[in-house]
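This report describes a protein chain through its aromatic pairs, its nonpolar cores and a few local features of its backbone. Please keep the sequence and the structure in view while reading.

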Amino acid sequence: MDFRFNFFPDEDGSKEPNAHNETEPCSPTHEHQEMRLPEKKACIKAAKEHYIPADVSKVLENKVLETVSGLYYVNTSVVELTCQDGRHEEDIVSKSVSSHSDLIPGVYEGGLKIWECTYDLMDFLSEIKIQFANKTVLDLGCGAGLLGIVALRGNAEKVHFQDYNSTVIEEITMPNVVANCINDGNKADSEDNRKNIKPPSKRRKKSECLPDKLTKCRFFSGGWSEISQLLLSSSKPCSKYDLILTSETIYNPDYYSALHDTLAQLLAKNGRVYLASKVHYFGVGGGTYLFEKFLEERKVFRSSIVKEVEEGLKRFILEIAFKDST
């Protein structure tokens with residue numbers, strides 16, 4: 001696998017190289033140090049389900065595919081350029097640029113970036129050889145959807161993807177899932193594939209069935225509480241999830257109550273949540289220990305640290321389960 005050097009400015013303005021595999025994930029830490037949260041609370045977005053078009057090749061139109069950790073993903077810089085044409089009501093790209101922040105509470109929650117704890121959780125799931133077969137999985141706060149795609153590759157029965165922003169679901173998550181499903185069986189990190197990655201040229205007829213793995217997927221945007229209501233009360237109510245995978249979602253303590261209640265409502269009785277997080281998010285106030293304390297006070301879940309990553313700012317993987325689960 002190729003390696004790139006990504007440059008992040010130090011506090012004195014100098015730049016030091018940071019090696020990472022074939023992508024340019026952004027750590028919330030640096031941006032959060034610069035970020036000030038608005039005092040006025042923003043409105044929470046209504047929940048919405050997004051559907052894969054009958055002509056699945058449309059999902060990958062104008063997309064440039066790259067690879068990371070054996071998975072296909074769309075180049076987000078290209079997406080950001082195309083999203084400035086005014087087609088999306090959210091207009092999150094221009095708002096992010098004008099505010100000089102990857103996080104605007106209630107407006108844009110960072111889903112266009114691949115945050116580093118996502119890779120920590122992917123590595124952990126591989127290390128413990130987690131069994132996805134016959135399990136229902138939710139990728140909560142999915143962004144690029146890499147965690148859910150890993151579950152799909154592990155033959156999960158169903159995989160659902162949720163992100164706060166509809167633009168992220170339509171322009172990032174869904175294209176990533178489609179790219180990996182239609183290329184299933186092709187090794188994304190092979191030299192030939194890295195040189196010749198491109199969307200399918202043959203347009204799929206409307207009567208033609210979606211690839212099997214795509215039929216296992218559903219996509220949702222909106223706030224967590226609203227998503228829970230949609231999933232539990234819709235005409236197609238979903239069963240509780242055996243596994244909920246989530247990364248870098250506890251940076252803001254203001255969201256802890258909604259996240260906690262969403263997990264309580266959607267997790268199966270003996271299910272597990274795997275949550276990847278930094279020890280602390282500067283400028284925002286959240287972090288691993290604070291969220292553990294929040295869980296203890298609510299007395300619904302038990303949690304334990306199952307992996308610790310020491311490089312850079314300390315990071316953790318939490319396993320969360322109901323107190324009365326087996």
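Are Phe-291 and Phe-294 buried or exposed? Phe-291 is buried, and Phe-294 is buried as well; as with everything that follows, this is read from a predicted model.

## Overall make-up

The protein chain contains 10 helices and 12 strands, and 52% of its 326 residues count as buried. Among the contacts in the chain with a separation of 6 or more, 71% are between residues 24 or more positions apart. The chain exposes about 15,800 Å², of which carbon and sulfur atoms supply 48%.

## Aromatic pairs

The structure holds 10 aromatic pairs. One of them joins Phe-291 and Phe-294 in a stacked arrangement, with 6.3 Å from centre to centre and 10° between the planes. Both residues belong to helix H10 (residues 288–298), where they are 3 residues apart, about one turn of the helix. A further stacked pair is formed by Phe-301 and Phe-322, at 4.8 Å centre to centre and with 20° between the planes. Because Phe-301 lies in strand E11 (residues 301–309) and Phe-322 in strand E12 (residues 315–322), this pair ties together parts that are 21 residues apart in sequence. Phe-301 and Phe-322 are both buried.

Elsewhere, Trp-224, Tyr-251, Tyr-255 and Tyr-281 form one aromatic cluster.

## Nonpolar cores

The largest nonpolar core has 49 residues, and the members that touch the most others are Leu-121, Leu-125, Phe-132, Leu-146 and Val-177. Helix H6 (residues 166–182) contributes the largest share of this core, with 8 residues. When neighbours within four places in sequence are left aside, Leu-121 is in contact with Leu-147, Leu-245, Thr-246, Tyr-274, Ala-276 and Ile-317. Another core, of 28 residues, lies apart from the largest one, and its members include Trp-224, Leu-266, Val-284 and Phe-294. Trp-224 is thus a member of this second core as well as of the aromatic cluster, while Phe-294 also takes part in the stacked pair with Phe-291.

Leu-146, one of the residues named for the largest core, is found in helix H5 (residues 146–153), which is mostly covered, with 6 of its 8 residues buried. The buried residues of H5 are Leu-146, Leu-147, Gly-148, Ile-149, Ala-151 and Leu-152. Just after this helix, Asn-155 adopts a positive phi of about 65°.

## A buried threonine in H10

Thr-288 also lies in helix H10, and its relative accessibility is 1%, so Thr-288 counts as buried. Its side chain makes a polar contact, at 3.3 Å, with the side chain of Ser-277. With residues up to four places away in sequence not counted, Thr-288 touches Ile-250, Ser-277, Lys-278, Val-279, Phe-316 and Leu-318.

## The E4–E5 hairpin

Strand E4 (residues 65–68) pairs with E5 in the antiparallel sense over 4 bridges, and Glu-66 stands opposite Tyr-73 of E5. The two strands form a hairpin with 2 residues between them, and Ser-69 in the turn has a positive phi of about 50°. From strand E5 (residues 71–74), Leu-71 and Tyr-73 point one way whereas Tyr-72 and Val-74 point the other way, yet all are buried.

## The loop between H4 and E6

Which residue of this loop has a side chain with a polar atom 3.1 Å from the backbone oxygen of Lys-129? That residue is Gln-131, found in the loop between helix H4 (116–127) and strand E6 (136–140). Gln-131 has a relative accessible area of 53% and is therefore exposed. Its C-alpha is 8.8 Å in space from that of Ala-151, although the two residues are 20 apart in sequence; Ala-151 is itself one of the buried residues of H5.

Lys-129 is also placed between H4 and E6, and, although not a glycine, this residue has a positive phi of about 55°. Its relative accessibility of 64% means that Lys-129 counts as exposed. Asn-134, in the loop between H4 and E6 too, has a positive phi of about 65° although it is not a glycine, and with a relative accessible area of 66% Asn-134 is exposed.

Note on methods: Residues numbered from 1 in each chain as written. Predicted model: local features only at pLDDT ≥ 70, side-chain atom pairs only at ≥ 80, totals over all residues. Heavy atoms only, no water. Phe/Tyr/Trp six-rings, centres within 6.5 Å; stacked < 30°, edge-to-face > 60°. Buried < 20%, exposed > 50% of the residue type's maximum accessible area, 1.4 Å probe, protein only. Core = buried A, V, L, I, M, F, W, Y, C linked by side-chain atoms within 4.5 Å. Contact = heavy atoms within 4.5 Å. Polar contact = N/O pair within 3.5 Å; in protein donor to acceptor, adjacent residues only side chain to side chain. Areas by Shrake-Rupley, 256 points an atom, 1.4 Å probe, with all protein chains shown as cover. Pairing = 2+ DSSP bridges.
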